[in-house]
Amino acid sequence: MNRRQFLAATACAGPVLAAKPRPILIAITLDLEMSRHYPQRGITKWDYEKGNLDATTKAYTVAVCERVKKRGGLVHNFCVGRVLEQPNVDWLKAIAAAGHPVGNHTYDHVNVLAKKPEDIQYRFRAAPWLIRGKSTTEVIRENISQTTLAMKERAGITPDGFRTPGGFRGGLKDRPDIQKMLLKEGFKWCSSHYPPHPLTREAKPTAKVLEGIVAAQANAQPWVYPSGLIEVPMSPISDVTGFRSGRWKLDWYLDAIRLSIEWCIAHGAVYDYLAHPSCLGVVDPKFRVIDLICDLAEKAGTSIVNLNQLAQRAKPS
Ligand SMILES: [Zn+2]
């Protein structure tokens, strides 16, 4: 069959064979940690105390959860363990009690791909005695297991999923040891892959950049690693990439989010929105991003779901 015959044949078969595309699955995920350069440029102290959430960050988290729940959805949160050292964690218990899942984001926001102690996290570079005598792998495993313990003991929350601090191109593809560690720590899926995409800095994104971000959605679909661990990627563009790295204006960012979700709707894909209340709460106090995502979900006839549901769409890698 030549190309023309093939096209003619498929065009005829179209109405019969055309299966209804799978509905989009949209998640809104919040990483509960402080972000460098927020609330003001130049602030870097959070690198050493990622879990010392300020009042604005906590209030924004609670408000987003309530807002999404009013629209019939749930927010998937990821908590760094050090949050559980704060004097009051009632706000976190309340969002979990309202049904919003909370996953493990390590205790100190460690780099799970680190191979040397000095690459694990700023806190341990500044205070190396905290991890002296332990291997890098041991420090990373403890940082994960202590978070699970802290969440259970302090807040009565069983972690729902794992997200690596930092998104990696390819996720954990090259680290079967970390995949196995996560499975052993009780996780069926992790969220570690953030696909590469173009970005403008301090300038309105061009059509080409927006196209690149939309195209990256195809590379942000869940898969199963050979180890059996499931990957639920983060879908570009994250708040810190747009606002901190790109210094984008909110309207530019909203355009990129809308175009990305529209692509996912058209292709029956999943969309895992990643934000940090410590950043998004500063640049978008009126919840325009969250409302836009809820509006698009509603238009597509769906609501905001958790990452377990996205994980069910995983394909073998
Ligand atoms: Zn993080």
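**Cavity, pockets and zinc site of a predicted model**

The largest cavity has a volume of about 30 Å³. The model discussed here is predicted.

Visitor: How many cavities of 30 Å³ or more does a search of the whole structure find?

Guide: The largest cavity has a volume of about 30 Å³. A search of the whole structure for cavities of 30 Å³ or more gives a count of one.

Visitor: How do the residues of the lining of the largest cavity divide into nonpolar, polar and charged?

Guide: The lining includes Asp-47, Glu-49, Lys-50, Arg-82, Asp-108 and Arg-123. Also among the lining residues are Tyr-48, Gly-51, Tyr-107 and Gln-121. By class, they divide into two nonpolar, two polar and six charged.

Visitor: Which residues are the closest to the centre of the largest pocket?

Guide: The largest pocket has a volume of about 710 Å³. Its lining is made of 33 residues. The closest to the centre are His-109, Pro-165, Gly-166, Gly-167 and Arg-244.

Visitor: Which element gives the most to the lining of the largest pocket?

Guide: At least two lining residues come from each of α4 (122–126), β4 (162–168) and α8 (239–245). By class, the lining has ten nonpolar, 13 polar and ten charged residues. The element that gives the most, with six residues, is β4.

Visitor: What is the make-up, by class, of the lining of the second largest pocket?

Guide: The second largest pocket has a volume of about 150 Å³. Its lining residues include Arg-22, Trp-223, Val-270, Arg-313 and Lys-315. By class, the lining has five nonpolar, two polar and three charged residues.

Visitor: Which spacing do the donors of the zinc ion follow along the chain?

Guide: The zinc ion is coordinated by Glu-33 through OE, and by His-105 and His-109 through NE2. These contacts lie at 2.0 to 2.1 Å. Along the chain, the donors follow the spacing E-x71-H-x3-H.

Visitor: How many residues apart in sequence are the parts that Glu-33 and His-109 tie together?

Guide: Glu-33 lies in the loop between β1 (25–32) and α2 (55–70), whereas His-109 lies in the loop between β3 (102–104) and α4. Both residues coordinate the zinc ion. The pair therefore ties together parts whose separation in sequence is 76 residues.

Visitor: Is Glu-33 buried or exposed?

Guide: Buried means under 20% relative accessible area. Another zinc donor, His-109, has a value of 16% and is buried. Glu-33 has 3% relative accessibility, so this residue counts as buried.

Visitor: How many residues of β1 are buried?

Guide: On one side of β1, Leu-25, Ala-27, Thr-29 and Asp-31 are buried. On the other side, Ile-26, Ile-28, Leu-30 and Leu-32 are buried as well. Both faces are thus covered, and the number of buried residues is eight of eight.

Visitor: What is the handedness of the β-α-β crossover from β1 through α2 to β2?

Guide: β1 is joined by six bridges to strand β8 (residues 270–275), with the two running parallel, and Leu-30 has Ala-275 as its bridge partner in β8. Four bridges join β1 to strand β2 (residues 76–79), again in parallel, and Asp-31 stands opposite Phe-78 in β2. As the chain crosses from β1 through α2 to β2, the crossover is right-handed.

Visitor: Which residue does a cis peptide bond join to Tyr-38?

Guide: Most peptide bonds are trans. At Tyr-38, however, the bond is cis, with omega about 5°. The partner lies in the loop between β1 and α2, and the residue is Pro-39.

Visitor: What is the omega of the cis peptide bond that joins Pro-236 and Ile-237?

Guide: Ile-237 is found in the loop between β7 (230–231) and α8. A cis peptide bond joins this residue to Pro-236, and its omega is about 10°.

Visitor: Is Thr-106 buried or exposed?

Guide: Most residues other than glycine have a negative phi. Thr-106, in the loop between β3 and α4, has a positive phi near 70°. His-37 also has a positive phi, near 75°, and is partly exposed at 21% relative accessible area. For Thr-106 the relative accessible area is 0%, so this residue is buried.

Definitions and conventions: Residues numbered from 1 in each chain as written. Predicted model: local features only at pLDDT ≥ 70, side-chain atom pairs only at ≥ 80, totals over all residues. Heavy atoms only, no water. 1 Å grid on protein atoms, 1.4 Å probe; cavity = no way out; pocket = protein on both sides within 12 Å on 5 of 7 lines; lining within 4 Å. Points joined across faces, edges and corners; volume = space filled by probe spheres on them. Nonpolar A, V, L, I, M, F, W, Y, C, P; charged D, E, K, R; others polar. Donors = N, O, S within 2.8 Å, 3.2 Å for Na, K, Ca; no water. Buried < 20%, exposed > 50% of the residue type's maximum accessible area, 1.4 Å probe, protein only. Pairing = 2+ DSSP bridges. Right-handed = clockwise from strand over helix to strand, strands pointing away.
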